[in-house]
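Reader: I should be grateful for a close look at one part of this protein, beginning with a single helix and its surroundings and moving outward from there. Please set the account out as one connected description.

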Amino acid sequence: MKDFKWYTLFLIILCLNLIMVSCGRPDTSKTSGAKKLTVGFSQVGAESVWRITNTISIKKAAEEAGINLIFKDAQQKQENQITAIRSFIAQKVDFIAFSPVVDNGWDVVLMEAKDAGIPVILVDRKANVEQSLYVTLIGSDFYEEGVNACKRMAKLLNETGNIVEIQGNTGSDPAIKRKKGFQDQLVNYPNMKIVKSETGDFFRQRGKEVMAYFLKDDAKKIDAAFIHNDDMALGAIEAIDEYGLRPGKDIKIVSVDAVSQDIFNAILEGKSNVTVECSPNLGPQLFETIKKIASGEKVEKWIKTNEGIFDMENAKEKLELLKQQ
Ligand code: AHR
């Protein structure tokens with residue numbers, strides 16, 4: 001009985017000691033290099049296969065990098081992105097990353113992030129703000145995509161023909177720069193011109209509607225279509241089929257993204273001609289960059305992604321790769 005009392009007393013003292021030691025221990029998760037970073041990410045929405053693939057890439061890479069990700073889908077609305085960024089600031093996240101739905105209108109909220117000392121990273125799309133309001137942009141050269149699309153179009157049309165354009169969402173970085181790149185290159189081909197241009201908002205169904213409207217208006221005038229993403233191109237292909245013309249033959253098609261299996265199947269069937277790549281797999285680069293910045297490393301102002309161009313010659317190879325992913 002006496003032994004039992006001593007033993008119980010010993011256990012109580014041991015437990016009290018353990019509690020005191022653990023209470024006094026500094027929170028290493030906040031002070032050591034192994035601190036778990038919290039990143040708020042505001043995504044544009046889910047308008048295309050590109051965007052869905054981009055979201056998957058970001059979520060997967062955050063998990064692999066041990067990042068605590070707060071992800072918000074803005075459903076194509078700038079006001080939702082601004083609300084999300086403000087909520088990230090209120091939550092005192094370590095970094096804010098976002099893909100701006102449109103170019104303009106970010107100055108105030110990004111100044112709020114700057115005042116709160118939270119670094120901002122632009123992903124995929126640039127915002128039209130002064131350089132001190134973000135650390136870096138990780139994404140493609142949309143202007144170059146437009147230039148390459150026009151060069152390929154010139155080959156397909158033997159440098160002569162009427163082109164219709166279906167643009168991405170109005171005011172967005174890719175829509176503005178793809179259009180500009182294509183137009184600037186067009187001056188080299190005096191017998192090629194854009195006869196009609198409308199937005200399809202990067203949605204497949206809208207691409208179909210816009211192409212149907214172009215065809216109804218004057219189908220005979222259309223030799224080709226420059227379409228700002230593959231989803232809208234796939235919609236346009238449906239519209240051309242339904243109209244009774246042959247997509248890829250009667251109307252040549254050049255689009256952008258090179259992400260979905262569907263566009264490669266269309267190219268292999270001869271229903272589309274070229275897709276200029278724009279990589280959505282930006283997650284790993286985003287979190288590598290965040291870790292570099294967190295450890296005090298300097299990073300480039302624009303971390304550009306490398307991209308290819310696909311047509312009948314190399315579509316099969318890329319399709320096989322996509323099937324394995
Ligand atoms: O910002 C990238 C563009 O956004 C992609 O080309 C398009 O498919 C997406 O929705």
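Author: A residue is termed buried when its relative accessible area is under 20%, exposed when that area is over 50%, and partly exposed in between. Tyr143, with a relative accessible area of 30%, is therefore partly exposed. The model in which this value was computed is a predicted one.

Tyr143 belongs to helix α6. Apart from residues within four places in sequence, its contacts are Lys177, Lys180, Gly181 and Asp184. Another residue, Asp173, stands 30 residues from Tyr143 in sequence, and the two C-alpha atoms are 9.4 Å apart.

Just before the helix comes Asp141, in the loop that joins β5 (136-139) to α6. With a relative accessible area of 18%, Asp141 falls under the 20% limit and so is buried. A polar atom of the Asp141 side chain lies 3.3 Å from the backbone nitrogen of Tyr143. Beyond four places in sequence, Asp141 also touches Trp302, Lys304 and Glu307.

Strand β5, which precedes that loop, is part of an open sheet of six strands with parallel pairing, in the order β2-β1-β3-β4-β5-β11. The edges are held by β2 (68-73) and β11 (302-304); each has a single partner strand, so one side of each has no neighbour in the sheet. From one strand to the next, the twist averages 20 degrees. Within this sheet, β3 (residues 95-98) pairs with β4 (residues 120-123) over three bridges in the parallel sense, and Ala97 has Ile121 of β4 as its bridge partner.

Ile121 leads to the interior. It is among the residues with the most contacts inside the largest nonpolar core, which has 38 residues; Met153, Ile163, Met192, Leu286 and Phe287 are named with it. Helix α6 (residues 142-156) supplies the largest share of this core, namely five residues. Because domain 1 (38-139 + 281-294) and domain 2 (142-278 + 311-324) both contribute residues, the core lies between them. In soluble globular proteins, nonpolar side chains tend to be buried together.

Ile163 shows how one core residue is surrounded. Its contacts beyond four places in sequence include Met153, Leu157, Phe182, Leu186, Met192, Ala224, Ala225 and Phe226. A second core, separate from the one described above, has 29 residues, including Phe202, Met232, Leu234 and Ile251.

Strand β8 (residues 224-227) deserves attention in its own right. Ala224 and Phe226 point one way from β8 while Ala225 and Ile227 point the other way, and all are buried. Such alternation of side chains between the two faces of the sheet is what a regular strand shows. Strand β6 (residues 161-167) runs parallel to β8 and is joined to it by four bridges, with Ile166 opposite Ile227. Four bridges also join β8 to β9 (residues 252-257), again in parallel, and here Phe226 stands opposite Val254.

Helix α7 (residues 173-186) contains Ala175. At 2% relative accessibility, Ala175 counts as buried, whereas Tyr143 of α6 is partly exposed. Ala175 touches Gly168, Asn169 and His228, residues up to four places away in sequence being left out. Although Ala175 and His228 are 53 residues apart along the chain, their C-alpha atoms are separated by 6.9 Å.

Definitions and conventions:
Residues numbered from 1 in each chain as written. Predicted model: local features only at pLDDT ≥ 70, side-chain atom pairs only at ≥ 80, totals over all residues. Heavy atoms only, no water. Pairing = 2+ DSSP bridges. Helix = DSSP H or I, 4+ residues; strand = E, 2+ residues; numbered from the N terminus. Axes fitted to C-alpha atoms, helices over the stretch in contact; angles between N-to-C directions. Core = buried A, V, L, I, M, F, W, Y, C linked by side-chain atoms within 4.5 Å. Buried < 20%, exposed > 50% of the residue type's maximum accessible area, 1.4 Å probe, protein only. Domains from an automatic or database assignment. Contact = heavy atoms within 4.5 Å. Polar contact = N/O pair within 3.5 Å; in protein donor to acceptor, adjacent residues only side chain to side chain.
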